[in-house]
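User: I would like to learn how to read the packing and the empty spaces of a protein model. Could you take me through one, feature by feature?

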Amino acid sequence: MAKGMREIKRSIRSKQNTKQITKAMEMVAASKLRRAQEAALAARPYTDKMKEVVSSIASAAGGSKHPMLLSRPIKRTAYLVITSDRGLAGGYNANILRKVLQTIKENHQSPDEYAVFVLGRKGRDFFARRDIPLVEEVTGLSDSPKFSDIKDIAAKAVKGFESGKYDELYLAYNKFHNAISQEPTLKRILPLGEIQAGSNKADYEYEPSAEEVLNVLLPKYAETLVFSALLEGKASEFGARMTAMGNATKNATKMIADLTLTYNRARQAAITQEIAEIVGGANAQQ
């Protein structure tokens with residue numbers, strides 16, 4: 001009985017230590033979430049305004065034939081997948097990676113039909129375990145990433161489409177709604193067909209020409225979409241981690257309460273047994 005009680009007490013101490021760690025991680029994630037959420041929300045108006053400007057210029061260009069605006073037969077698809085470097089974030093990484101893998105299996109017959117770019121160590125390791133080659137990877141991003149951190153990989157993916165190496169480009173990321181809700185999203189960003197379809201022509205004069213301005217802005221707009229998705233992903237990551245650690249803390253609290261109840265019952269049983277033995281011994285001496 002004493003041995004069993006010692007094991008229960010040791011288990012309670014272990015759960016208490018775990019609870020302290022998960023509580024600290026929850027608080028850290030909550031602090032980082034606030035900054036990441038502000039960055040993600042601040043990027044949305046900029047992206048929307050840039051889309052509006054590019055749409056206006058595309059309309060002024062009079063049916064631009066820029067390759068980033070034109071659809072073509074799909075022979076090869078590129079995916080730019082945004083994940084995290086660290087785990088302990090619930091289903092944050094698993095959900096988006098599962099979505100991408102399912103899409104690849106359903107739409108492609110061989111590796112020649114797709115290419116994968118990855119941000120984050122979790123995504124890199126996931127595809128490596130499945131022998132899916134990566135065109136390029138970026139890991140070790142800070143909690144407050146800058147555009148310069150992903151400019152090279154974004155530019156390489158965009159230029160690949162522009163040169164005809166890929167016929168469409170998808171962004172795979174977790175769209176941020178709030179701390180407890182993140183939506184795995186697979187979004188086609190190239191070709192930019194919706195730019196022309198929803199354009200509103202504004203009365204501007206362009207120098208040297210609308211077409212040449214468009215040639216500069218279109219790649220930058222596509223790269224901005226990638227960076228905006230990264231900011232959404234960071235906010236989603238911290239929201240998912242805060243929620244996961246909060247749930248872990250609640251589970252640890254419940255386990256500690258259950259183990260404490262078990263320990264108290266075992267202790268009470270041991271005391272009752274000792275009293276019974278003392279009473280039995282006293283009766284035997286009479």
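**Packing around Leu-190**

Analyst: We can begin with one residue in this predicted model: leaving aside its neighbours within four places in sequence, Leu-190 is in contact with Met-68, Val-158, Phe-161, Glu-168, Leu-169 and Ala-222.

User: Which residues touch the most other members of the largest nonpolar core?

Analyst: The general idea is that in soluble globular proteins, nonpolar side chains tend to be buried together. In this model the largest nonpolar core holds 47 residues, and Ile-150 and Leu-190 touch the most other members. At least two residues of this core come from each of H1, strand E1 (77-82), strand E2 (114-119), helix H4 (147-162), E4, E5 and H6, with H6 supplying the largest share, 14 residues. Apart from this core lies another, of 14 residues, which includes Ile-96, Val-100, Phe-126 and Ile-132.

User: Turning to empty space, what is the volume of the largest pocket, and which residues are the closest to its centre?

Analyst: Rolling a probe the size of a water molecule over the atoms shows where empty space is left. Here the largest pocket has a volume of about 360 Å³, and of the 16 residues that line this pocket, Thr-47, Asp-48, Lys-187, Leu-225 and Ser-228 are the closest to its centre. Two or more lining residues are given by each of helix H1 (2-60), strand E4 (168-178), strand E5 (181-190) and helix H6 (210-285), and H6 gives the most, with five residues. By residue class, the lining of the largest pocket divides into six nonpolar, two polar and eight charged residues.

User: How many cavities of 30 Å³ or more are there, and what lines them?

Analyst: A cavity, unlike an open pocket, is a space where the probe fits but cannot get out, and the count comes to two cavities of 30 Å³ or more. The largest cavity has a volume of about 50 Å³, and among the residues that line it are Thr-83, Asp-85, Leu-119, Val-138, Leu-230 and Lys-234; its lining divides into four nonpolar, five polar and two charged residues. The second largest cavity, of about 30 Å³, is lined by Lys-32, Arg-35, Ala-36, Asp-143, Ser-144 and Phe-238, and H1 gives the most to this lining, with three residues.

User: Finally, into which domains is the chain divided?

Analyst: The chain is divided into domain 1 (5-25 + 244-279) and domain 2 (31-198 + 206-241), and the C-alpha centres of domain 1 and domain 2 lie 48 Å apart.

Notes. Residues are numbered from 1 along each chain as its sequence is written. This is a predicted model: local features need pLDDT of at least 70, side-chain atom pairs count only at pLDDT 80 or more; totals for chains, interfaces and linings use all residues. Side-chain values use heavy atoms; hydrogens and water are left out. On a 1 Å grid over the protein atoms alone, a cavity is a set of points where a 1.4 Å probe fits but cannot get out, and a pocket is an open set with protein on both sides within 12 Å along at least five of seven lines; lining residues have an atom within 4 Å of a point. Grid points are joined across faces, edges and corners, and a volume is the space filled by probe spheres set on the points. Helices (H or I, at least four residues) and strands (E, at least two) are DSSP runs, numbered from the N terminus. Ala, Val, Leu, Ile, Met, Phe, Trp, Tyr, Cys and Pro count as nonpolar, Asp, Glu, Lys and Arg as charged, and the others, Gly among them, as polar. A nonpolar core is a set of buried Ala, Val, Leu, Ile, Met, Phe, Trp, Tyr and Cys residues joined through side-chain atoms within 4.5 Å. Buried means under 20% relative accessible area, exposed over 50%, partly exposed in between (1.4 Å probe, protein chains only). Contact means heavy atoms within 4.5 Å. Domain bounds come from an automatic or database domain assignment.
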